[in-house]
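Q: Could you take me on a close look at the annotated active site and the loop that holds it? I would also like to hear about any unusual backbone spots.

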Amino acid sequence: MTFEYDDQNIFAKILRGEIPNQTIYENDHALAFNDINPQAPVHVLVIPKGAYVSLDHFARDASPAEQVGFMQAVAEVCRLTDVDQGFRAIANARSHGVQDVPHYHLHIIGGRQLGRMLQG
Ligand code: AMP
């Protein structure tokens with residue numbers, strides 16, 4: 001599998017500061033911000049700062065420090081958004097996964113009772 005990163009994607013522009021975002025948490029390797037079209041009271045996107053297209057790209061090629069930094073950001077988002085009653089983490093990838101933005105992102109969705117997976 002070859003991963004080709006398009007640096008004009010909207011999350012690349014957010015990382016470069018060209019588009020504003022509602023930041024929840026940031027560290028050296030990851031940024032977490034509110035989804036612009038929230039599906040639940042909590043809907044945060046966690047993205048790596050590196051140029052990775054999808055979860056499988058990130059899992060294969062990101063350094064240990066990047067992977068640890070990313071998961072630390074996930075932990076902080078869960079703590080800061082107070083999803084003690086639970087949440088769902090979703091990583092859509094490519095066409096079958098209906099991924100719209102080609103920069104790896106993990107959706108953290110919660111704050112209400114969710115329906116069962118999967119609808120489609
Ligand atoms: P996906 O289908 O997994 O690629 O999801 C992309 C997500 O990015 C969607 O939930 C969008 O609402 C969200 N999104 C798109 N543009 C922005 C933006 N400028 N700021 C925050 N979230 C965005």
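A: Happy to, starting with the loop itself: Val98 is exposed, with a relative accessible area of 56% (buried means under 20%, exposed over 50% and partly exposed in between, using a 1.4 Å probe and protein chains only). Val98 sits in the loop between β4 and β5, and its phi is positive, about 55°, although Val98 is not a glycine. Helices (H or I, at least four residues) and strands (E, at least two) are DSSP runs, numbered from the N terminus.

A word on the basis: this is a predicted model, where local features need pLDDT of at least 70, side-chain atom pairs count only at pLDDT 80 or more, and totals for chains, interfaces and linings use all residues. Residues are numbered from 1 along each chain as its sequence is written, and side-chain values use heavy atoms, with hydrogens and water left out.

Now to His105, where an unreviewed UniProt entry places the feature "active site"; UniProt positions follow the numbering used here, feature names are shortened, and annotations may be inferred rather than shown by experiment. His105 lies in the loop between β4 (87-90) and β5 (106-110), and is buried, with a relative accessible area of 6%. Leaving aside neighbours within four places in sequence, His105 is in contact (heavy atoms within 4.5 Å) with Phe11, Leu45, Val46, Ile47, Ile90, Ala91 and Gln99.

Elsewhere, Asp82 has a positive phi of about 60° without being a glycine. Asp82 belongs to the loop between α3 (64-81) and β4 and is exposed, at 54% relative accessible area. Finally, the Met117 to Leu118 peptide bond is cis, with omega near -20°, and Leu118 falls in the segment after β5.
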